[in-house]
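Subject: The structure I promised you

Hi,

Here is the structure we talked about, ready for you to open. Have a look through it first, and then read on for what turned up.

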Amino acid sequence: MQLHDIWFVLIAVLWAGYFFLEGFDFGIGVLTKLLARDRAERRVLINTIGPVWDGNEVWLISAAGATFAAFPDWYATLFSGFYLPLLLILVCLIVRGVAFEYRAKRPEERWQRNWEHAIFWSSLLPAVVWGVFFANIAHGLRIDAHGDYVGGLGDLLNQYALLGGAVTLLLFTFHGAVFAALKTVGGIRVRARRLATGLGAATAVAVGGFLAWTQIDSGDVESLFAVVGTVVALVLAVVAAGRGREGWSFALSGLAVVGVVTTLFLTLFPDVLPSTLDPRWSLTVSNASSTPYTLTIMTWCAGCATPLVLLYQGWTYWVFRKRIGTQHIAGAGGAGVTVPAARTH
């Protein structure tokens, strides 16, 4: 295996890690409208991800940076062809971060309600657009002989891509519901578990259909194993949620998220961006990669920095591992959690 192959795998790992972590962030944002019944419960949901949401986005920065350095041609074509969708995601992430910080700065109900609307929409839209984005990558784009995208915005909204957007929205919302059940106590925990059980069944059907389409279109034996493993993990996550085993359910729903990303990258390799105009014009791990010297330097840097990042992020999750509920909220207009809650099981 050459260095460009290794970096293709590493980029896949970074995207899988990002969607595993940011997936339940997006899900919690969507659930502020679907699960919470009042302001106190919305605050509980927001506080479950309050200490970790910004750290989770480090994975996105790492994935984009690694793509830029390791596969500059891939990066250039992606960010030019998907300019508007990626701009929408960027705006949503900015608004979402501001909403988390500004929501509790003033006690007025209208102020907080407006920022809660912002959290909902800036979580829902990226959850859909990321699915459209990666479905188009797996399906292929209108790339010419110069490696440039020559299609339009409408070409990105094909049936397969729209199904991919629906799949990521359902999957992230299910992942978020399981996380909410894992991190809360009281009535919101019971409702989150109930919602996860019902939503999980619809998610399993959508994910199964999307992966079956992917497998038929461009799959092989390795991707078939990933498809089967993903669907099995998702079904088991639903069963575990129904039985109140939130820890197992969260691990399995996260495994399903990783499985979807793994399947797409397995069907993609050795291409990084297939051309639907002519297979000879596709961008591959070899013709889109940086020089071996650049990849070597990147490998040494990643080997030194990655363990430190993982240790720090693991420590953060350990510190904020306990459950919270409405009884831990200081007041109707306060800023957040004030009393430690019971340990997460």
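Let me start with helix 2, whose buried residues pack against helix 1, helix 3 (53–56), helix 6 (83–102), helix 7, helix 8 (159–183) and helix 9 (187–218). Please keep in mind throughout that this is a predicted model. Helix 2 itself covers residues 39–49 and is mostly covered, with 10 of its 11 residues buried. The buried residues are R39, E41, R42, R43, V44, L45, I46, N47, T48 and I49.

Three of those names come back when you look at R103, which sits in the loop between helix 6 and helix 7. Setting aside sequence neighbours within four places, R103 is in contact with R39, R43 and I46, and also with W111, Q112, W115, E116 and I119. Is R103 buried or exposed? R103 has a relative accessibility of 5%, so it counts as buried.

A little further along is N114, a residue of helix 7 (residues 109–139). N114 is partly exposed, because its relative accessible area is 41%, and buried would require a value under 20%. N114 and A99 are 15 residues apart along the chain, and their C-alpha atoms are separated by 8.9 Å.

Now for the nonpolar core. The largest one has 96 residues, and the members that touch the most others are W15, Y18, F19, W74, W130 and F134. Which helix gives the most to this core? That is helix 1 (residues 3–34), with 14 residues. W15 is a good one to click on: leaving out residues up to four places away in sequence, W15 touches L60, A63, T67, W130, F134, V261 and F265.

Next, two helix pairs that I think you will enjoy turning around on screen.

Helix 1 and helix 4 (residues 58–70) have axes that come within 8 Å and cross at roughly 160°. The two helices are therefore roughly antiparallel to each other, the cut-off for that being over 145 degrees. Their crossing is left-handed. On the helix 1 side the contact is made by W7, I11, V13, L14, W15, G17, Y18 and L21, and on the helix 4 side by W59, L60, S62, A63, A66, T67 and A70. Sorted by class, the residues of this contact are 12 nonpolar, 3 polar and no charged.

The second pair is helix 7 and helix 11 (residues 246–268), with axes that come within 9 Å and cross at roughly 25°. That angle makes helix 7 roughly parallel to helix 11, since angles under 35 degrees count as such. This crossing is left-handed. F134, I137 and A138 of helix 7 meet L264, F265 and L268 of helix 11. How many nonpolar, polar and charged residues does the contact of helix 7 with helix 11 have? There are 6 nonpolar, no polar and no charged residues.

Last stop: S290, in the loop between strand 2 (283–284) and helix 12 (292–319). S290 is buried, because its relative accessible area is 15%. Not counting residues up to four places away in sequence, S290 touches A69, A70, F71, P72 and L295. By contrast, L170 lies 36 Å from S290, C-alpha to C-alpha, with their positions 120 residues apart in sequence.

Happy browsing, and do write back with any questions.

Best wishes

Definitions and conventions:
Residues are numbered from 1 along each chain as its sequence is written. This is a predicted model: local features need pLDDT of at least 70, side-chain atom pairs count only at pLDDT 80 or more; totals for chains, interfaces and linings use all residues. Side-chain values use heavy atoms; hydrogens and water are left out. A nonpolar core is a set of buried Ala, Val, Leu, Ile, Met, Phe, Trp, Tyr and Cys residues joined through side-chain atoms within 4.5 Å. Buried means under 20% relative accessible area, exposed over 50%, partly exposed in between (1.4 Å probe, protein chains only). Helices (H or I, at least four residues) and strands (E, at least two) are DSSP runs, numbered from the N terminus. Contact means heavy atoms within 4.5 Å. Axes are lines fitted to C-alpha atoms, for helices over the stretch in contact, and angles run from 0 to 180 degrees between N-to-C directions. Angles under 35 degrees count as roughly parallel, over 145 as roughly antiparallel, 65 to 115 as roughly perpendicular and the rest as oblique. A crossing is left-handed if the near helix is turned anticlockwise from the far one by less than a right angle, and right-handed if clockwise. Ala, Val, Leu, Ile, Met, Phe, Trp, Tyr, Cys and Pro count as nonpolar, Asp, Glu, Lys and Arg as charged, and the others, Gly among them, as polar.
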